[in-house]
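Reader: I should like to go through the terms applied to this model and to hear the grounds for each of them.

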Amino acid sequence: MSRIIEIENRYSPGCYSMRDIAIVRGEGAIVWDENGERYIDCVAGFGVANIGHANPYVIKAINEQANKLITCPSVFYNDKRAELMKKLDDITPENINRFFFCNSGTEADEGALKFVRLATGKTEFIAANRSFHGRTFGALSATWAEKFRKPFMPLVPGFYHVPYNNIEAIAEKINEKTAGVIVEIVQGEGGIHIGNKDYFLSLRKICDEKGLILIFDEIQTGFGRTGKMFAYQHHNVYPDILCIAKSIAGGIPMGVVCFGEKIGEIPRGAHGSTFGGNPLVCAAALAAIKYIEDFNLPEKADELGKYFIQRLKEINSKLIREVRGLGLLIGIELKKRSFEYVRKLLNHKILANPAGPTVLRLMPPLVIKKDQIDEVVEKVEKVLKEDG
Ligand SMILES: Cc1ncc(COP(=O)(O)O)c(C=O)c1O
């Protein structure tokens, strides 16, 4: 066993399902292990590396910013933070014009839930079955799966889960205490389930009629992943709060709660973050967004995603129940547990991840090349054929 693996095994917290490789370098959609073995990365840091590893824009931006100013709390104004706020205002819906910076997806959802409580004075939320919103107490309360929730009961009260893509189920759950609804446009962790247009249109309507705040969690689907800058653009339905994180800053940790008039200003001292919106991460985010725009990554994800899905659908294996996805957020629903195939693919030098118990998730950097996709398809076919 390598020294790296030995040390990590000894000191790690134990909560991760470790894969037996030590990754030491990356470029584009490729990573290398400590022995120089090459892997195609269809995990992309759980959806962080949309613009690819070692992205030149981000490298340059963080080098320059590190030489100027790394930290600057949000009580002081800062040039990079101001620039990023302006940019986010440009790329988010018109009704959104305020941005709270934090450091992860769960913090973005946590902030959103707190802001909704502040704005409405109400305490209940509706979320969807199979949803994933994070692991801090508020976000975990909005998350559906028993395996994440059960060890930490009691959670925050007032969260109700109803079937996804089912507007009647939401309508039935609304009462005078309901503050808002939180939902993903494509459920990632829950198994790559795609929300439909009518669902989102009706959801917008019902939230307007009942005075509820609509939160879209685009932590996994944002920044080109599904073939649009944000996945709500597939449906032209706008949220009151948009939560983003993961790929926003090219790999440097950042989460953002994006909101507008329906929430209004957050009272002084009611929320905050030490690291949130520091100049280093803001410079990285500006560079990452510029790269996404300069190289039309949403369009690329759309084209490559269609190609990838088509090629996967052509695989003739009895183990496949369904191939589905949007852009480069792709799931292969298997008749067996997916983790076994994650391990098998690793032996064939492909990094993949499960999404729920039976779905194999392929979520490469959006800069992946067509011949690399061909290589992944070939290896997926191989491991599935080995087993029928
Ligand atoms: C939709 C969604 N929301 C929230 C989160 C939590 O993000 P983080 O792990 O950065 O806290 C994730 C992470 O996978 C996610 O996919």
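Reader: Why does Asn296 count as partly exposed?

Author: The model is a predicted one. The relative accessibility of Asn296 is 41%. Buried requires a value under 20% and exposed a value over 50%, with partly exposed in between, so Asn296 at 41% counts as partly exposed. Asn296 is located in the loop between helix H10 (279-294) and helix H11 (297-313). Its phi is positive, at about 45°, although Asn296 is not a glycine.

Reader: Which class of exposure does Arg130 fall into?

Author: Arg130 has a relative accessibility of 30%. That value is in between the limits of 20% and 50%, and therefore Arg130 counts as partly exposed. The loop between strand E5 (124-128) and H6 holds Arg130. The phi of Arg130 is near 70°, a positive value in a residue other than glycine.

Reader: What makes Thr143 buried?

Author: The relative accessible area of Thr143 is 0%. Since buried means under 20%, Thr143 is buried. Thr143 sits in the loop between helix H6 (137-142) and helix H7 (146-149). Leaving aside residues up to four places away in sequence, Thr143 touches Ser131, Phe132, His133, Gly134, Phe148, Arg149 and His161.

Reader: How do you know that the side chain of Thr143 has a polar partner in His133?

Author: A polar atom of the Thr143 side chain lies 2.8 Å from the backbone nitrogen of His133. The cut-off for a polar contact is 3.5 Å, and the pair at 2.8 Å is within it.

Reader: Is Asp240 buried or exposed, and which polar atoms does its side chain reach?

Author: Asp240 has a relative accessible area of 5%; the limit for buried is under 20%, so Asp240 is buried. Its place is the loop between strand E10 (213-217) and strand E11 (241-244). The Asp240 side chain reaches the backbone nitrogen of Leu214 at 2.8 Å. The side chains of Asp240 and Lys262 are joined by a polar contact of 3.3 Å. Residues that Asp240 touches, not counting those up to four places away in sequence, include Asn95, Arg204 and Cys258.

Reader: Why does Gly180 count as buried?

Author: Gly180 has 0% relative accessibility, and because that is under 20%, Gly180 counts as buried. Gly180 belongs to strand E7 (residues 178-184). Among the residues it touches, with those up to four places away in sequence left out, are Val116, Phe125 and Leu212. Gly180 and Lys122 are 58 residues apart along the chain, and their C-alpha atoms are separated by 8.7 Å.

Reader: Why are strands E1 and E15 said to stand at the edges?

Author: The order E1-E2-E3-E15 describes an open sheet of four strands with mixed pairing. Strand E1 (23-27) and strand E15 (350-351) each have a single partner strand, so one side of each is left without a neighbour in the sheet.

Reader: How do you know that strands E2 and E3 pair?

Author: Strand E2 (residues 30-33) and strand E3 (residues 38-41) share three bridges in the antiparallel sense. Pairing requires at least two bridges, so three bridges meet the criterion. One of the partners is Ile40 in E3, bridged to Ile30.

Reader: What makes strand E4 mostly covered?

Author: Strand E4 (residues 96-102) has seven residues, and five of them are buried. E4 pairs with strand E12 (residues 255-260) in the antiparallel sense over six bridges. Phe100 stands opposite Val257 in E12.

Reader: What polar atoms does the ligand have around it, and how much of the ligand is buried?

Author: An oxygen atom of the ligand lies 2.8 Å from a backbone N or O atom of Gly105. A nitrogen atom of the ligand is 2.7 Å from a side-chain N or O atom of Asp217. For Gln220, a side-chain N or O atom is 2.9 Å from an oxygen atom of the ligand. The ligand taken alone exposes 390 Å², and the protein buries 81% of that. The shell has two nonpolar, six polar and four charged residues. Helix H5 (residues 105-120) supplies the largest share of the shell, three residues.

Technical notes:
Residues numbered from 1 in each chain as written. Predicted model: local features only at pLDDT ≥ 70, side-chain atom pairs only at ≥ 80, totals over all residues. Heavy atoms only, no water. Helix = DSSP H or I, 4+ residues; strand = E, 2+ residues; numbered from the N terminus. Buried < 20%, exposed > 50% of the residue type's maximum accessible area, 1.4 Å probe, protein only. Polar contact = N/O pair within 3.5 Å; in protein donor to acceptor, adjacent residues only side chain to side chain. Contact = heavy atoms within 4.5 Å. Areas by Shrake-Rupley, 256 points an atom, 1.4 Å probe, with all protein chains shown as cover. Nonpolar A, V, L, I, M, F, W, Y, C, P; charged D, E, K, R; others polar.
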